[in-house]
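Dear colleague,

I am handing over the structure we spoke of, and below it you will find what came out of going through it. Please read the notes with the coordinates open beside you.

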Amino acid sequence: MLYPALAEVLPGQSSRLEFFVAPHGNDQGSGRLPAPDTNRSDGPLASLTGARVALRRARAQAAGRLGPVTVHVRGGTYRMDAPLVLEPQDSGSAEAPVIFAA
């Protein structure tokens, strides 16, 4: 799946990208919507791990043109089976920060 924000990126441009995470979300969706759509086929992600996976996919698809990324974490309880591990490839830069915001 090519994320809508990335589909419109022109050569040489960077794209600002937002993901949403909510306890009622689904890690099979894009995470690009803050709430489920009307037919519940897309909406927020369900976990921080899902957001990390989506970020990595977007970065791979953008081939170096990914701009700032914000992961909006909605209020609620998130159950985790293992700690969230962020690695160097999950980092941003001064020009294209990656921000996890509650």
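A residue is called buried here when its relative accessible area is under 20%, exposed when that value is over 50%, and partly exposed in between. Please keep in mind throughout that this is a predicted model.

By that cut-off Asp90, at 5% relative accessibility, counts as buried, and it seems a sensible residue to begin with. Asp90 sits in the loop between β2 and β3, the latter strand covering residues 98-101. Leaving aside residues up to four places away in sequence, Asp90 touches Arg52, Leu55, Arg56, Arg59, Val85 and Val98. With one of these, Arg56, Asp90 shares a polar contact of 2.7 Å between the side chains.

What kind of charged pair do Arg56 and Asp90 form? The two form a salt bridge, in which the closest N and O atoms are 2.7 Å apart. This pair links distant parts of the chain, since Arg56 belongs to helix α2 and Asp90 to the loop between β2 and β3, 34 residues apart. In general, side chains of opposite charge can pair when their charged atoms come close.

The count of salt bridges comes to 2, and Arg56 takes part in another one, with Glu87, where the closest N and O atoms are 3.7 Å apart. Glu87 lies in the loop between β2 and β3 while Arg56 lies in helix α2, so this pair ties together parts that are 31 residues apart in sequence. Arg56, Glu87 and Asp90 are thus linked in a network of salt bridges. As to accessibility, Glu87 is partly exposed, with a relative accessible area of 37%, and Arg56 is partly exposed as well, at 27%, whereas Asp90 is buried at 5%.

Turning to the nonpolar interior, the largest nonpolar core has 14 residues, and those with the most contacts inside it are Leu17, Phe19, Leu45, Leu66, Val69 and Val71. At least two residues of this core are supplied by each of β1, α2 and β2, and the largest share, 5 residues, comes from α2. Val71, to take one of the residues named above, touches Phe19, Val21, Ala51, Ile99, Phe100 and Ala101, again not counting residues up to four places away in sequence.

Thr70 also deserves a look, being placed in strand β2, which runs over residues 66-73. Is Thr70 buried or exposed? With a relative accessible area of 16%, Thr70 is buried, because that value falls under the 20% limit. Its contacts, with residues up to four places away in sequence set aside, are Leu17, Glu18, Phe19 and Ile99.

Finally, there is a backbone point that you may wish to view for yourself. Phi of Arg40 is near 60 degrees, a positive value in a residue other than glycine. Most residues other than glycine have a negative phi. Arg40 is found in the loop between β1 (15-21) and α2 (48-62), and Arg40 is exposed, with a relative accessible area of 61%.

With best regards

Note on methods. Residues numbered from 1 in each chain as written. Predicted model: local features only at pLDDT ≥ 70, side-chain atom pairs only at ≥ 80, totals over all residues. Heavy atoms only, no water. Helix = DSSP H or I, 4+ residues; strand = E, 2+ residues; numbered from the N terminus. Buried < 20%, exposed > 50% of the residue type's maximum accessible area, 1.4 Å probe, protein only. Contact = heavy atoms within 4.5 Å. Polar contact = N/O pair within 3.5 Å; in protein donor to acceptor, adjacent residues only side chain to side chain. Core = buried A, V, L, I, M, F, W, Y, C linked by side-chain atoms within 4.5 Å. Salt bridge = Lys/Arg side-chain N within 4 Å of Asp/Glu carboxyl O.
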